[in-house]
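Q: Could you walk me through a few parts of this structure? I would like to begin with a helix and then see what packs around it.

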Amino acid sequence: MATQLPLPPRVGMVSLGCPKNLVDSERILTQLRADGYQMSADYAGADVVLVNTCGFLDSAKEESLEAIGEAIAENGRVIVTGCMGKEAEAIRTRFPQVLAITGAHEYEQVVEAVHAAAPAAISPYVDLIPDAGLKLTPRHYSYLKISEGCNHRCSFCIIPSLRGDLVSRRPDAILREAEKLVAAGTTELLVISQDTSAYGIDIRDQPRMWKGSEVRPHMTDLARELGKIAPWVRLHYVYPYPHVDQVIPLMADGLVLPYLDIPFQHAAPSVLRRMKRPANDAKVLSRIHGWREVCPDIAIRSTFVVGFPGETEEDFQYLLDWLDEAQLDRVGAFRFEPVEGASANALPDPVPEEVKEERYARIMEKTAAISAAKLAAKVGRTLDVIIDAVDSESGGATGRSMADAPEIDGEVHLRDAGHLVEGDIVRVEIEEADDHDLFGVAA
């Protein structure tokens, strides 16, 4: 008589916020899959729904609350995790039917909550999980989280209160995970944390053996070893500490992508002081020029906040002039938004909303012009491009150059590319450019 296998419970997931949250979601789903659960792509098919929340800005909190409300309306059995878990009382006041609430990167607690809400009967006849774990990104690229938390106390940010101080992962554990991801098909590793430059300062005296050699828990050592594992390695959330200079030669040598994601946030010294961030902008400009001398193709992306309390027209013009000098490749801008619990809320001289909007429009116009000029200079060149999607009907494909991270930067649109496959890295002749994207054909 055939053995009747029990149907496993199904779990749905809504993952909001930054790539760090996405990695948390992948870890949670990987553990649940190992515990015998199946995943559901919709509310109707799920026995329980997880909502991984973001709590960085008030607008992000509202989006998270809306997602919780939708999950309750569509399914009714909801577990909340993530950054808004710190505000469990507020969540329960609005949604008393929530089954459980856990905080950011509390993997064991959220898995235990799922076990309680929808117990799984594990079967020894079923192969539960691939070696690389479950992914919420395409097969060919993966986020690799190297640490949790942050030691900075920026006045506009509440991340340390949500995620705690810096806690670095062991370098050998990171490298082992990277190997598994690459073996499972990953071509591009995107290194993330709250502060990638600070990786290892909490465990600096704990080197680990890897492939017969000792590896220090340090950004430079880790980047070098990752470059030996994956074809493309991209560094995100890098603060411009002095030792970042040591990574640039790795980029020039092709071990690490010539790309730095640096959250400058502003340039005017008076604003940076109120933000409680380093304010030596002249030295930063000098270092950017130095990086480009070592690695001419380096792409630098950053984010800036406009309308921070006390920001004057002179401060804002200083930022625009600084951008003219820095010539950053990719820039995102945000209007300042008070966040409950941030010390910046108590600062005097708030900037009126209409002034924020006007400054936001000006900085976007400025950075779009810089981006357009930089991309126009690439017309006629041949660049390496990783393929993200192929349209077999039109014969077109969409990819990214080394200067483009997924979701946040530009794209490269290819014609006559129906023969390509997602994850391929191909040489592309650039034929046209606009403010944000490139257009070309496989060489």
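A: Gladly, and please keep in mind that this is a predicted model. Helix H6 covers residues 171–183, and at 1.5 Å a residue its 13 residues should span 18 Å, which agrees with its end C-alpha atoms being 18 Å apart.

Q: Which residues of H6 are buried?

A: In H6, the buried residues are Pro-171, Asp-172, Ile-174, Leu-175, Ala-178 and Leu-181.

Q: And what covers the buried residues of H6?

A: The cover includes four strands, namely S6 (141–145), S9 (188–192), S10 (208–210) and S11 (213–215), together with helix H7 (219–227).

Q: At what angle do H6 and H7 pack?

A: The angle between H6 and H7 is about 25 degrees, and their axes are 10 Å apart. Because angles under 35 degrees count as roughly parallel, H6 and H7 are roughly parallel to each other. The contact between them is made on the H6 side by Pro-171, Ile-174, Leu-175 and Ala-178, and on the H7 side by Leu-222, Glu-225 and Leu-226.

Q: How many of the residues in that contact of H6 with H7 are nonpolar, polar or charged?

A: By class, the contact of H6 with H7 has 6 nonpolar residues, 1 charged residue and no polar ones.

Q: What does Gly-185 do just after H6?

A: Gly-185, which comes just after H6, takes a positive phi of about 120 degrees.

Q: Changing topic, where is Lys-20, and is Lys-20 buried or exposed?

A: Lys-20 sits in helix H1, which covers residues 19–34. Lys-20 has a relative accessible area of 5%, and because buried means under 20%, Lys-20 is buried.

Q: What does Lys-20 touch, leaving out residues up to four places away in sequence?

A: With those left out, Lys-20 touches Lys-145, Ile-192, Ser-193, Gln-194 and Tyr-237.

Q: How far apart are Lys-20 and Gly-254?

A: From C-alpha to C-alpha, Lys-20 and Gly-254 are 26 Å apart in space, while in sequence they are 234 residues apart.

Q: One last pair: how do H11 and H12 pack?

A: Helix H11 (residues 313–326) and helix H12 (residues 353–376) pack at an angle of about 10 degrees, with their axes 10 Å apart, and H11 and H12 are therefore roughly parallel to each other. The residues that make the contact include Phe-316, Leu-320 and Leu-323 of H11, and Arg-359, Ile-363 and Ile-370 of H12. Sorted by class, the residues of the contact of H11 with H12 are 6 nonpolar, 2 polar and 5 charged.

How values were computed
Residues are numbered from 1 along each chain as its sequence is written. This is a predicted model: local features need pLDDT of at least 70, side-chain atom pairs count only at pLDDT 80 or more; totals for chains, interfaces and linings use all residues. Side-chain values use heavy atoms; hydrogens and water are left out. Helices (H or I, at least four residues) and strands (E, at least two) are DSSP runs, numbered from the N terminus. The expected span of a helix is 1.5 Å times one less than its number of residues. Buried means under 20% relative accessible area, exposed over 50%, partly exposed in between (1.4 Å probe, protein chains only). Contact means heavy atoms within 4.5 Å. Axes are lines fitted to C-alpha atoms, for helices over the stretch in contact, and angles run from 0 to 180 degrees between N-to-C directions. Angles under 35 degrees count as roughly parallel, over 145 as roughly antiparallel, 65 to 115 as roughly perpendicular and the rest as oblique. Ala, Val, Leu, Ile, Met, Phe, Trp, Tyr, Cys and Pro count as nonpolar, Asp, Glu, Lys and Arg as charged, and the others, Gly among them, as polar.
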